[in-house]
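Please open the structure in your viewer and keep the sequence at hand. The tour below proceeds from the whole protein to individual selections.

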Amino acid sequence: TKYSKEIQWAVEKKILIEEELKNFKADENCSRGDILTYLWRAAGSPKVTGTSPFNDVMKERHNYYDAVIWAYNKEMLDLITTKNLLAGLYCNRPEVAYYLWKFEGSPTGSKVTNYYDVTIESVSKYKKAVDWAVAKKVISPIAADQFGSLERVTHSQFITCLYTIMK
């Protein structure tokens with residue numbers, strides 16, 4: 001695929017595990033659980049403490065449990081205001097920008113953008129992250145005035161974004 005360099009990098013860095021490649025579908029949408037797992041592994045799969053604050057994330061049932069606890073402890077899930085993480089939900093471009101921005105420590109000072117689809121109330125909470133992602137060329141807008149807020153992100157696209165910030 002066109003992402004082979006990035007996918008190979010992710011395998012070398014143990015972000016993608018060799019056994020997962022058998023079922024890896026690069027062009028399928030990426031879920032919250034997938035993204036948090038990739039970020040946790042990119043951070044070195046650190047040991048976690050604490051328990052899940054989410055009713056739908058249980059240690060004995062979910063392989064992304066440690067990743068969720070890690071992300072929660074890092075305040076990466078601060079915009080989730082319900083008792084359920086909904087880890088199977090597919091992520092859109094602003095959510096991905098937000099998780100990557102938080103992973104990088106929530107840097108400030110990015111040039112302000114004015115994409116009409118990021119000013120919508122349901123998406124505006126991601127604005128600083130979107131500005132950062134565009135400024136750092138992690139995620140490109142789909143048009144001069146549009147970020148592509150409703151578009152979902154595939155596994156290969158996410159791995160490419162992660163590669164961009166970590167290489």
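**The whole protein**

Begin with the cartoon view of this predicted model: the protein contains seven helices and zero strands. Its radius of gyration is 15 Å, close to the 15 Å that the globule rule gives for 167 residues, so the protein is as compact as a globular protein of that length. Followed along the sequence, the pattern reads α-α-α-α-α-α-α. A box drawn along the principal axes to hold the C-alpha atoms would be roughly 45 × 40 × 25 Å.

Next, display the surface. The accessible surface of the protein amounts to about 9,400 Å², and carbon and sulfur atoms account for 48% of that area. Of the 167 residues, 48% are buried. Among contacts with a separation of 6 or more, 71% join residues 24 or more positions apart. If the charged residues are coloured, 23 positive and 20 negative charges appear, and their mean positions lie 4 Å apart.

**Helix α1 and the residue after it**

Select residues 4-12, which form helix α1. Which residues of α1 are buried? They are Glu-6, Ile-7, Trp-9, Ala-10 and Val-11. To see what these buried residues pack against, add residues 155-166, the helix α7. Then move just past α1 to Lys-14, where phi is positive, at about 65°.

**Ser-31, between α1 and α2**

Now select Ser-31, in the loop between α1 and α2. Is Ser-31 buried or exposed? It counts as buried because its relative accessibility is 8%, and the cut-off for burial is under 20%. Show the side chains here: that of Ser-31 makes a polar contact with the side chain of Asp-34 at 3.0 Å. The side chain of Ser-31 also reaches the backbone oxygen of Ala-87, at 3.3 Å. Beyond its neighbours within four places in sequence, Ser-31 is in contact with a run of residues consisting of Ala-87, Gly-88, Leu-89, Tyr-90 and Cys-91.

**Lys-59, between α2 and α3**

Continue to the loop that joins α2 (32-42) to α3 (65-73), and select Lys-59 within it. Lys-59 is exposed, because its relative accessible area is 55% and exposure requires over 50%. Which residues does Lys-59 contact, apart from its neighbours within four places in sequence? These are Tyr-65 and Asp-66. For a distance to display, choose the C-alpha atoms of Lys-59 and Ile-69: the two residues are 10 apart along the chain, and the separation is 9.9 Å.

**Ser-106, between α4 and α5**

Proceed to Ser-106, located in the loop between α4 (93-103) and α5 (121-124). Although Ser-106 is not a glycine, its phi is positive, at about 55°. With a relative accessibility of 23%, Ser-106 is classed as partly exposed.

**The end of α6 and the loop beyond**

Select residues 127-135, helix α6, and pick out Ala-135. Ala-135 counts as partly exposed, at 43% relative accessibility. Add Thr-113 to the selection: 22 residues separate it from Ala-135 in sequence, and the C-alpha to C-alpha distance is 9.0 Å.

Finally, select Lys-137 in the loop between α6 and α7. Where does the phi of Lys-137 lie? It is near 60°, a positive value in a residue other than glycine. Lys-137 is exposed, and its relative accessible area is 66%.

Note on methods:
Residues numbered from 1 in each chain as written. Predicted model: local features only at pLDDT ≥ 70, side-chain atom pairs only at ≥ 80, totals over all residues. Heavy atoms only, no water. Helix = DSSP H or I, 4+ residues; strand = E, 2+ residues; numbered from the N terminus. Rg over C-alpha atoms; globule rule 2.2 N^0.38 Å. Buried < 20%, exposed > 50% of the residue type's maximum accessible area, 1.4 Å probe, protein only. Contact = heavy atoms within 4.5 Å. Areas by Shrake-Rupley, 256 points an atom, 1.4 Å probe, with all protein chains shown as cover. Lys, Arg positive; Asp, Glu negative; His and termini not counted. Charge placed at Lys NZ, Arg CZ, Asp CG, Glu CD. Polar contact = N/O pair within 3.5 Å; in protein donor to acceptor, adjacent residues only side chain to side chain.
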